[in-house]
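Let's go through this protein the way you might in a tutorial, asking each time what stands behind a word. Have a look at the structure, then read on.

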Amino acid sequence: MSGSGEPVGPPREIVVTVNGRRYHEAAPDRILLSDFLRHRLGLTGTHVGCEHGVCGSCTVHLDGAAARACLLLAVQADGAEVHTVESLASGDRMHPLQEAFREHFALQCGFCTPGILMATLDFLTHNPTPTRTEIAEMLSGQLCRCTGYAPIIDAIAAAAQAGAE
């Protein structure tokens, strides 16, 4: 577990729907949603970078809105619907946004990519025809140390133009 070690306190039963599948799980009071997804449910696409909500690598959708999973406790997701990056592809078919990232070389090491994809999907829901400046502003909450952001902006602009959301 990340943070200060094993969470303290008796586990609490929670019910959470993740990527369309309903889970009934015992969650310690202090386990982060990011750790719950990764270690309890085996959904390792949600990455943990800074553990302070700054880098955006842990971004998921919680009840339809982008949220930092490292800033939420799993018990806060009780009764909620969570979508992780694993929900984007359909079988062997990538989501159009994932395809745009591939086509525009918008990923290198890939660590930040899941969080950027999830933040971008939320962004495009609210702004389906963003300018490059608006895309850059949205990306200010997502840290990438490899690409320099230009290919990511290109990919998001192309996905928006193609109507990906």
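Q: What makes up the area buried between domain 1 and domain 2?
A: This is a predicted model, and in it about 1100 Å² is buried between the two domains, with carbon and sulfur atoms giving 60% of that. On the side of domain 1, H47, H61 and V85 lose the most area to domain 2, together 37% of what that side buries. Strand 3 and strand 4 (65-68) are the elements that give two or more residues to this side.

Q: Where do domain 1 and domain 2 run in the sequence?
A: Domain 1 covers 12-86 and domain 2 covers 96-164. Their C-alpha centres lie 22 Å apart, and the contact takes 18 residues from domain 1 and 14 residues from domain 2.

Q: How many salt bridges and how many polar residue pairs does the rule find across the interface of domain 1 and domain 2?
A: For salt bridges, the count is zero. Polar contact is another story: six residue pairs turn up there, both partners at pLDDT 80 or more.

Q: Why is T46 called buried?
A: Check the number against the cut-off: buried means under 20% relative accessible area. T46 has 2%, so it counts as buried. You'll find T46 in the loop between helix 1 (33-40) and strand 3 (59-62). Leaving aside neighbours within four places in sequence, T46 is in contact with a whole list of residues, among them S34, L37, C58, V60 and E86.

Q: Why does E51 count as partly exposed, while F105 counts as exposed?
A: Exposed needs over 50%, and partly exposed sits between that and the buried cut-off of 20%. E51 has 30% relative accessibility, so it lands in the middle class. F105 has 65%, so it is exposed. E51 is in the loop between helix 1 and strand 3, and F105 is in the loop between helix 2 and helix 3.

Q: What makes the phi of E51 and of F105 worth a second look?
A: Most residues other than glycine have a negative phi. E51 isn't a glycine, yet its phi is positive, near 60 degrees. F105 isn't a glycine either, and its phi is positive too, at about 55 degrees.

Q: How do you know that D154 makes a polar contact with R132?
A: One test is distance: the N or O atoms must be within 3.5 Å. The side chains of D154 and R132 make their polar contact at 2.7 Å, which is inside that limit. D154 belongs to helix 5 and, at 30% relative accessibility, is partly exposed. Beyond neighbours within four places in sequence, D154 is in contact with H104 and R132. H24, by contrast, is 130 residues from D154 in sequence and 40 Å away in space, C-alpha to C-alpha.

Q: Which residues touch the most other members of the largest nonpolar core?
A: They are F101, I116, L139, I152 and I156, in a core of 24 residues. Helix 2 (96-103), helix 3 (113-126), helix 4 (132-139) and helix 5 (150-162) each supply at least two residues of this core, and helix 3 gives the largest share, seven residues.

Q: What does I156 touch?
A: Not counting residues up to four places away in sequence, I156 touches F101, T120, I135, M138 and L139. There is also a second, separate core of 23 residues, including V16, L41, L43 and V82.

Note on methods:
Residues numbered from 1 in each chain as written. Predicted model: local features only at pLDDT ≥ 70, side-chain atom pairs only at ≥ 80, totals over all residues. Heavy atoms only, no water. Core = buried A, V, L, I, M, F, W, Y, C linked by side-chain atoms within 4.5 Å. Buried < 20%, exposed > 50% of the residue type's maximum accessible area, 1.4 Å probe, protein only. Helix = DSSP H or I, 4+ residues; strand = E, 2+ residues; numbered from the N terminus. Contact = heavy atoms within 4.5 Å. Domains from an automatic or database assignment. Buried area = accessible area lost by both parts, 1.4 Å probe. Salt bridge = Lys/Arg side-chain N within 4 Å of Asp/Glu carboxyl O. Polar contact = N/O pair within 3.5 Å; in protein donor to acceptor, adjacent residues only side chain to side chain.
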